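Here is a walk through one chain, from its core outwards. Keep the model open as you read.

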Amino acid sequence: SQAEILTILASVVAQLKLDIVSTNGRTDHKTKQAIVEFSIRLNTKEELNNLINKVSQEPKVIEVFRTAN
């Protein structure tokens, strides 16, 4: 669910001492999947890599990827 994904990401972001700037979410009713987009303030590529690695390890997370701003 969207709430579970929000909780997971908020926890990881807090652990890494990053800031969530914005969120946008929806549910795909055919696949029953929550699709959530986050904008997170990062200062280095290492922060990005750490964030992607930690979030990807969560069992409820199917895919994590970066998009250009």
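Which residues does L9 touch, not counting residues up to four places away in sequence? They are F38, I40, L51 and V55. This is a predicted model, so local features are used only where pLDDT is at least 70.

Three of those contacts, I40, L51 and V55, belong with L9 to the largest nonpolar core. The core has 10 residues in all. Its other members are I5, I8, V12, V13, L18 and V61. Two elements, α1 and α2, each give two or more residues to this core. Helix α1 supplies the largest share, 5 residues. There is a general background to this. In soluble globular proteins, nonpolar side chains tend to be buried together.

Now turn to helix α2. It runs over residues 45-56. Its 12 residues, at 1.5 Å a residue, should span 16 Å, because the expected span counts one less than the number of residues. The end C-alpha atoms of α2 are 16 Å apart, which agrees. The buried residues of α2 are L48, L51 and V55. They cover an arc of only 65 degrees around the axis, so they sit on the same side of α2. The general geometry helps here. An α-helix has 3.6 residues a turn, so residues three or four places apart point the same way.

What covers that buried side? Among the elements over the buried residues of α2 are α1 (2-15) and β2 (33-41). The face of α2 turned away from its buried side carries K45 and E46, both exposed.

Next come the charged pairs. How many salt bridges does the structure hold? It holds 2. In general, side chains of opposite charge can pair when their charged atoms come close.

One salt bridge joins E4 and K60, with the closest N and O atoms 3.3 Å apart. This pair links distant parts of the chain: E4 is in helix α1, K60 is in the segment after α2, and 56 residues separate them. Is E4 buried or exposed? Neither fully: E4 is partly exposed, because its relative accessible area is 34%. E4 and E63 are 59 residues apart along the chain, and their C-alpha atoms are separated by 15 Å.

The other salt bridge joins D19 and R41, with the closest N and O atoms 3.8 Å apart. It too links distant parts of the chain: D19 is in strand β1 (residues 19-28), R41 is in strand β2, and they are 22 residues apart. D19 counts as partly exposed at 43% relative accessibility. R41 also counts as partly exposed, at 49%.

Technical notes
Residues are numbered from 1 along each chain as its sequence is written. This is a predicted model: local features need pLDDT of at least 70, side-chain atom pairs count only at pLDDT 80 or more; totals for chains, interfaces and linings use all residues. Side-chain values use heavy atoms; hydrogens and water are left out. Helices (H or I, at least four residues) and strands (E, at least two) are DSSP runs, numbered from the N terminus. Buried means under 20% relative accessible area, exposed over 50%, partly exposed in between (1.4 Å probe, protein chains only). The arc is that of the directions from the helix axis to the C-beta atoms. Contact means heavy atoms within 4.5 Å. A nonpolar core is a set of buried Ala, Val, Leu, Ile, Met, Phe, Trp, Tyr and Cys residues joined through side-chain atoms within 4.5 Å. A salt bridge is a side-chain nitrogen of Lys or Arg within 4 Å of a carboxyl oxygen of Asp or Glu.
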